[in-house]
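Okay, thanks for coming, everyone. Let's put the model up on the screen and walk through it together.

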Amino acid sequence: MQPIRLEPNLLERFYRGGERIARFRGLAPVERRPEDWVGSATTARDDARVGLSTLPDGRLLRDAVAAEPEAFLGREHVAAFGPEPALLVKLLDAGERLPVHLHPDRAFAREHLGSRFGKAEAWLVLEGGTLHVGFREDVEPATLRSWFEAQDVEAMLAASNELQVERGDCVYVPAGTPHAIGEGVFMLEVQEPSDLGVLVEFERFTSREGATMGLPVETALAATRTAAVPEEELASWRRARSLPAESERFFRVEWGRGGSFDPSFAILVAVDGAGRLETEAGVLDLARGDTVLVPFGAGAGELSAGVETIRCLPPRP
């Protein structure tokens with residue numbers, strides 16, 4: 001089974017963006033398409049028709065994987081996670097500051113939303129800017145609720161840790177951590193395969209009901225980590241072109257130039273330069289902006305040093 005070159009899978013979302021994705025992918029300018037779901041077998045929370053990637057032969061990736069799970073994913077992966085990639089990769093262009101929000105963990109998602117996956121995520125920065133991640137001090141649940149009711153965005157941001165990031169920075173964001181991505185940040189986001197989120201700041205972006213995914217406000221806000229994220233913990237989540245070990249139970253990432261790899265399902269994004277991907281199944285030319293699905297069945301492979309890539313993998317079985 002050969003590696004599969006993927007076409008853009010641009011989604012309209014609740015915030016502005018898309019120019020940087022278009023430039024990176026070599027597309028005509030787009031508006032309000034701030035996310036490209038790369039090799040996605042995941043659907044948007046509010047519309048099951050949105051989010052799924054289509055392969056060059058016209059099949060949905062989700063259906064192709066279901067038909068040949070071991071060829072795409074490998075026997076050990078299927079035994080551990082079933083016939084799904086257990087991974088979602090996105091290109092994300094913040095054309096405006098995203099709202100203060102958070103994503104539930106697996107326990108919350110199972111109990112309240114009927115989902116197997118929560119949404120731990122990580123940001124691999126391609127163009128830098130400002131991020132807000134976690135609260136600097138403990139926040140009482142009643143205070144969080146008051147911010148939500150009053151839509152006191154100034155207070156939310158003032159209570160948050162502010163980070164300045166540049167290309168090559170990687171930031172792991174555990175589920176439950178409140179965060180906001182600043183205007184102008186362009187990133188590759190790797191995450192658990194869900195589209196679950198609670199918007200503490202929602203006034204300009206969605207309805208009150210949409211902000212809580214239809215849950216009671218008290219229940220939805222209970223998914224938030226209100227305990228402080230101290231500087232040393234925040235520093236442990238940030239790396240240069242790599243992620244902390246604690247993230248590997250959700251996803252894995254390899255960012256670099258060249259090198260060999262063992263058989264695995266992977267989403268490969270070329271972020272600079274040009275070169276080749278060689279696998280047991282064949283050779284594929286790569287250049288900046290290309291995205292490729294490498295199935296387990298392609299076998300072992302090697303990337304030439306001329307192309308800088310981010311290789312995104314599911315958790316190890």
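I'll go through the cores, the rings, a buried glutamate, a partly exposed glutamine, a helix and the cysteines.

Housekeeping before that. This is a predicted model, so local features need pLDDT of at least 70 and side-chain atom pairs count only at pLDDT 80 or more, while totals for chains, interfaces and linings use all residues. Residues are numbered from 1 along each chain as its sequence is written, and side-chain values use heavy atoms, with hydrogens and water left out.

Right, the inside. In soluble globular proteins, nonpolar side chains tend to be buried together. When I say nonpolar core, I mean a set of buried Ala, Val, Leu, Ile, Met, Phe, Trp, Tyr and Cys residues joined through side-chain atoms within 4.5 Å. Buried is under 20% relative accessible area, exposed is over 50%, and partly exposed is in between, using a 1.4 Å probe and protein chains only. The largest core here has 80 residues, and the members touching the most others are Leu-131, Val-190 and Ile-267. Strand β6, residues 121-127, supplies the largest share of that core, with five residues. Helices (H or I, at least four residues) and strands (E, at least two) are DSSP runs, by the way, numbered from the N terminus. There's also a second, separate core of 13 residues, and among them are Leu-268, Ala-270, Val-294 and Val-307.

Zoom in on Leu-131 for a second. Contact means heavy atoms within 4.5 Å. Skipping anything up to four places away in sequence, Leu-131 touches a list of residues including Trp-123, Leu-163, Val-171, Ile-181 and Met-187.

Now the rings. A pair of aromatic rings is described by the distance of the centres and the angle of the planes. Rings of Phe, Tyr and Trp (its six-membered ring) pair if their centres lie within 6.5 Å; planes under 30 degrees apart are stacked, over 60 edge-to-face, and the rest tilted. That rule gives us seven aromatic pairs. Take Phe-135 and Trp-147: they sit edge-to-face, 5.9 Å centre to centre with 70 degrees between the planes. This pair joins distant parts of the chain, with Phe-135 in strand β7 (residues 129-135) and Trp-147 in helix α6 (residues 141-150), 12 residues apart. Phe-135 counts as buried because its relative accessibility is 2%, and Trp-147 is buried too, with 12%.

Next one: Tyr-172 and Phe-251, again edge-to-face, at 6.3 Å between centres and 75 degrees between planes. These two are 79 residues apart, with Tyr-172 in strand β9 (residues 169-173) and Phe-251 in the loop between β13 (238-240) and β14 (252-261). Tyr-172 is buried at 3% relative accessibility, and Phe-251 is buried at 0%. Elsewhere, ring pairs link Phe-14, Tyr-15 and Phe-205 into a cluster.

One charge on a ring as well: Arg-241 lies over the face of Trp-255, 5.1 Å from the ring centre. The rule there is NZ of Lys or CZ of Arg within 6 Å of the ring centre and within 35 degrees of the ring normal.

So what about Glu-121, buried or exposed? Buried, because its relative accessible area is 1%. Glu-121 lies in strand β6, and its side chain makes polar contacts with the side chains of His-103 (3.2 Å) and Trp-123 (2.7 Å). A polar contact is a pair of N or O atoms within 3.5 Å; within protein, one must be able to donate a hydrogen and the other to accept it, and residues adjacent in sequence count only if both atoms are side-chain atoms. Beyond four places in sequence, Glu-121 is also in contact with Tyr-172 and Phe-251, among others, which brings us back to that second ring pair.

Compare Gln-164 in strand β8 (residues 160-165). Gln-164 is partly exposed, at 47% relative accessibility. Its side chain makes a polar contact with the side chain of Glu-162, at 3.4 Å. Outside its neighbours within four places, Gln-164 is in contact with Gly-129, Thr-130, Asp-169 and Arg-238.

Quick look at helix α5, residues 106-113: at its start, a side-chain oxygen of Asp-105 reaches to within 3.3 Å of the backbone nitrogen of Ala-107. After α5 comes Gly-114, with a positive phi near 65 degrees.

Last thing, cysteines. How many disulfides does the rule count? Zero, where a disulfide is a pair of cysteine sulfur atoms within 2.5 Å. The sulfur of Cys-312 is 9.8 Å from the closest cysteine sulfur, in Cys-170, so that's too far for a bond. Cys-170 is buried at 0% relative accessibility, and Cys-312 is buried at 0%.
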